[in-house]
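Welcome, and thanks for taking a look at this one with us. Please open the structure below and keep it in view as you read.

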Amino acid sequence: MMPADEEAAFERAEEAAFWCVRLAASPLDQASQDAFDAWIAADPANAAAFEEVVVLWQGVDWVKDAPEMIAHRAEAVESLRRTNERRWSRGPAPRRPWVAALAACFAMIFVLGIQIFGHPVQVYETGIGERRIATLEDGTRLTMDGATRVEVRMDADRRRLTLVNGRAKFDVAHDPLRPLSVLARNRLTVATGTSFSVELLPRQMRVVLYEGKVEVLAQADRGRETSLLTRTASADADAALVPGKELVASTEGTQVRVAKTDVARSLDWENGQLSFEGEPLALAVERINRSAKEKLVIADSAIANYRIVGTFNAGDTEAFLEGVAALHPVHIDRQPGMLLLRRGG
């Protein structure tokens, strides 16, 4: 047996649920309206309980026109009709059986709404050395480099993607009323219809713009967003991110730069090649490792900024190491499952 205060709260919630669905079903006749008004006026807690139930009921209002919702909401109203007949014909009989039925209808509506309109996250990912092209439900084309993971959620008012690791190119289906955003750690790239790539590295992210226009935002811990492009434009009028340029932004600090890039070379990875024109060894190793069976590890920070030049087939680690050794004094220490790179003599 529950305490008296809990019993009263339970009965109040029952009554509030009854009146909510009764009002949703059809206009009240005068007798019912008088009874409802009297119940509301009897205790401020009654009005508060009724408002809470109304909020729950209206929570599914935005999907009320869906066929599935119409069917299940009709079940709740029909349940009320049958209960209402018993309620007024039999007097103050216990109401808990019908309340349980009504609660089940509410639960059915909410569960169905989540299943149909909850827009669960869909995951796209590639393994080491694998590249993949996928078309999202809105028509956006997603091209993924090796060892890449993208999480996609399509909502009614926006398209939210998260680059968890790796690199991906987005040919965005135009929809000005539903922007597409790509979150890479704490940096957010937003577009409506354009073509760009986003790459996530250990301490930075990179955006290459091929067509159209994007906005790149920094997300603070408390959810505030500031434009990285405004920051660069204020420092350099030529630093705007336009097609043919690349934005490099630290994910640990405030450093941001925009520079021209070789568009054709920047897309070599789609064809299984990796081209470098002066990139640091640390960045080259990160990209090589997306296709490498044996991981390259820079074991000496003194060589991390060695500049790399050349074009290599993805997965051909030995050719890459030969190219590095031809440019710089680098020693390779072969360990099980990994190759350690150190400064040579």
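Here is a short briefing on the whole chain, one group of strands and one pair of helices.

This is a predicted model. The protein chain has 345 residues, of which 42% are buried, and its secondary structure comprises nine helices and 18 strands. Two places are good to visit: strand β5, which pairs with β3, β4, β6 and β8, and the contact of helix α8 with helix α9.

**The chain as a whole**

- The protein chain exposes about 18100 Å², and carbon and sulfur atoms account for 53% of that area.
- If you take the contacts between residues at least 6 apart in sequence, 52% of them link residues at least 24 apart.

**Strand β5 and its antiparallel partners**

- Strand β5 covers residues 159-171, and its antiparallel pairing with strand β3 (residues 141-144) runs over four bridges.
- To find your way into that pairing, look for T143, which sits opposite K169 of β5.
- Strand β4 (residues 149-154) is also antiparallel to β5, this time over six bridges.
- V152 faces L161 of β5 across the pair, and the hairpin formed by β4 and β5 has four residues between the two strands.
- Strand β8 (residues 195-200) runs antiparallel to β5 as well, joined to β5 by six bridges.
- A handy landmark here is F170, whose bridge partner in β8 is F196.

**Strand β5 and its parallel partner**

- In which sense do β5 and strand β6 pair, parallel or antiparallel? Strand β6 (residues 180-184) pairs with β5 in the parallel sense, over four bridges.
- R160 has S181 of β6 as its bridge partner.

**Helices α8 and α9**

- Two packed helices are described by the angle between their axes and by the distance between those axes.
- For helix α8 (residues 281-288) and helix α9 (residues 317-327), the axes come within 11 Å and cross at roughly 170 degrees.
- Angles over 145 degrees count as roughly antiparallel, and α8 and α9 are therefore roughly antiparallel to each other.
- On the α8 side the contact is made by L281, A284, V285 and I288, while α9 contributes T317, F320 and V324.
- What kinds of residues make up the contact of α8 with α9? Six are nonpolar, one is polar and none is charged.

Methods: Residues are numbered from 1 along each chain as its sequence is written. This is a predicted model: local features need pLDDT of at least 70, side-chain atom pairs count only at pLDDT 80 or more; totals for chains, interfaces and linings use all residues. Side-chain values use heavy atoms; hydrogens and water are left out. Two strands pair if DSSP finds at least two bridges between them. Axes are lines fitted to C-alpha atoms, for helices over the stretch in contact, and angles run from 0 to 180 degrees between N-to-C directions. Angles under 35 degrees count as roughly parallel, over 145 as roughly antiparallel, 65 to 115 as roughly perpendicular and the rest as oblique. Contact means heavy atoms within 4.5 Å. Ala, Val, Leu, Ile, Met, Phe, Trp, Tyr, Cys and Pro count as nonpolar, Asp, Glu, Lys and Arg as charged, and the others, Gly among them, as polar. Buried means under 20% relative accessible area, exposed over 50%, partly exposed in between (1.4 Å probe, protein chains only). Accessible areas come from the Shrake-Rupley method with a 1.4 Å probe; for residues, only the protein chains shown count as cover.
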